[in-house]
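Here are my notes on the structure, written as numbered points so you can follow along in your viewer. I start with a strand and then move on to rings, charges and a small sheet.

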Amino acid sequence: MLYSLLQPALFLLDPESAHTAAFRAMPLLTHPLLGAATRTALGIDQAACHRPELARTVMGLRFANPIGLAAGFDKDARHVAAWDAMGFGHVEVGTLTPRPQPGNPKPRLFRLPADGALVNRLGFNNGGAEVAAMRLLKRPPGLIVGGNLGKNKETPNEQAHQDYLKGFASLADVVDYIAVNVSSPNTPGLRALQDREPLQRLLGALQEVNQRRPQPRPLTLKLAPDLTDAQLREAAGLALAAGFAGIIATNTTISRSGLTTDTAAVERLGAGGLSGAPLTARALEVTQLLRAELPASVALIGVGGVMTAADAQARLAAGADLVQLYTGLVYAGPGLVTAICRSL
């Protein structure tokens, strides 16, 4: 497969440069002359992911299949058509903030190949919700698109709800569902919004505005794997009480336990959220815990350490209605989407 030949060259670049290089090549997937050949060379079979038996209705939305692109990969909604061509059933763009921001200083993205993992402290680098919304006016029909919302770094937590409301106002007309991100470890103080009082206030404010719309959007809450089981139950209960349609489990972890990579080398990388294979077990555990707590009507989106088709199957078997990929794409390549669809 072509990606197995390309990956060593990409891995010679620093991770953020490799990401940029891959994004520059994304239009090849939808090129009128080269698209079909490019997709075949990368192991992509869109038709395999659009088989009728893979379709499902979740949160009142019809998904062509349960496989999605996690937030953070295409923050600014630049390549939605290419993700559709890759076979994804949904794409979550963002995290988007009301005002553009550059994110944290570089370097801020690191590979741990021995662990099949990434560490990132990108810090919600994005061009702003309004710019992404303009791009989403031209989106492929049939592809479900979610908008992942965050707050700007300089906005104090006491005013955070205002940022989320502004982001909601920018995106609600051009996305199918909204994801509330209060669980990234890379914006100072953001995870404190998962505490009971600020979370209750934020979720209530968003739902109040949402319900005034002629067609309210399904709202989802993305939680951190580092919460205790009791905290996860409490946060999920608050989302349920606020009428949220789903929970996304999970974001990246600040834990560094159980890594194969040398401890000193990991420490030199500094702070950031860890994703990939080391997160697989905990993310699966959180999915099982929340599925046992929540009614079947509340959707669960499983993300974190979905590296193989078997991982996706395990997440769905644990009660996830949908799964999302991020780090798995970096290590396995775009053919992973087709491999999962075929396995299902």
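1. Let's begin with β12. Ala299, Ile301 and Val303 point one way from this strand, Leu300 and Gly302 point the other way, and all are buried. Put as a tally, 5 of the 5 residues in β12 (residues 299–303) are buried, so the strand is mostly covered under the cut-off of under 20% relative accessible area. Do keep in mind that this is a predicted model.

2. Which strands pair with β12? On one hand there is β10 (residues 246–249), which runs parallel to β12 and is joined to it by 4 bridges. If you want a spot to click on, Gly246 has Ala299 of β12 as its bridge partner. On the other hand there is β13 (residues 322–325), also parallel to β12, with 3 bridges between the two. Here Gly302 stands opposite Val323 of β13. To get from β12 to β13 the chain passes through helix α12 (residues 309–317), and this β-α-β crossover is right-handed.

3. Now the aromatic rings. The count comes to 6 aromatic pairs. Take Phe73 and Tyr326: their ring centres are 4.9 Å apart and their planes are at 65°, so the pair is edge-to-face. Phe73 sits in the loop between β3 (67–69) and α5 (80–86), while Tyr326 sits in the loop between β13 and α13 (327–332), so this pair ties together parts that are 253 residues apart in sequence. Buried or exposed, what is Phe73? Phe73 has 10% relative accessibility and counts as buried. Tyr326, at 18%, counts as buried too.

4. A second ring pair is worth a look. Trp83 and Phe88 have ring centres 6.1 Å apart and planes at 75°, so they are also edge-to-face. Both Trp83 and Phe88 are buried. Zoom out a little and you will find these rings in one aromatic cluster, made up of Phe23, Phe73, Trp83, Phe88 and Tyr326.

5. One ring has a charge for company. The charged end of Arg111 sits over the ring of Phe11, 4.2 Å from the ring centre.

6. On to the salt bridges: the count is 14. Arg342 and Asp45 form one of them, with 3.1 Å from N to O. Arg342 belongs to helix α14 (residues 335–343) and Asp45 to the loop between α3 (35–41) and α4 (46–49), so to speak distant parts of the chain, 297 residues apart. How open are the two ends? Arg342 is exposed, with a relative accessible area of 58%, whereas Asp45 is partly exposed at 27%.

7. Glu154 and Arg99 make another salt bridge, and their closest N and O atoms are 3.3 Å apart. This pair also links distant parts of the chain: Glu154 is in the loop between β7 (144–149) and α7 (160–171), Arg99 is in the loop between β4 (90–96) and β5 (109–112), and they are 55 residues apart. Glu154 counts as exposed at 54% relative accessibility, and Arg99 as partly exposed at 31%.

8. Have a look at Asp226 and Arg191 as well, whose side chains meet in a salt bridge at 2.7 Å, N to O. Asp226 lies in the loop between β9 (219–223) and α9 (229–241) and Arg191 in the loop between β8 (177–181) and α8 (196–210), so the pair ties together parts 35 residues apart in sequence. Asp226 is partly exposed, with a relative accessible area of 31%, while Arg191 is buried at 17%. Coming back to Arg99 and Glu154, salt bridges with shared partners join these two and Asp163 into one network.

9. Last, the small sheet. What is its strand order? It is an open sheet of 3 strands, ordered β5-β6-β11, and the pairing is antiparallel. β5 and β11 (273–276) are the edge strands, each pairing on one side only. From one strand to the next the twist averages 25°. Between β6 (residues 117–120) and β11 there are 4 bridges, and the two strands run antiparallel. For a landmark, find Asn120, which stands opposite Gly273 of β11.

Conventions
Residues numbered from 1 in each chain as written. Predicted model: local features only at pLDDT ≥ 70, side-chain atom pairs only at ≥ 80, totals over all residues. Heavy atoms only, no water. Buried < 20%, exposed > 50% of the residue type's maximum accessible area, 1.4 Å probe, protein only. Pairing = 2+ DSSP bridges. Right-handed = clockwise from strand over helix to strand, strands pointing away. Phe/Tyr/Trp six-rings, centres within 6.5 Å; stacked < 30°, edge-to-face > 60°. Lys NZ or Arg CZ within 6 Å of the ring centre and 35° of its normal. Salt bridge = Lys/Arg side-chain N within 4 Å of Asp/Glu carboxyl O. Axes fitted to C-alpha atoms, helices over the stretch in contact; angles between N-to-C directions.
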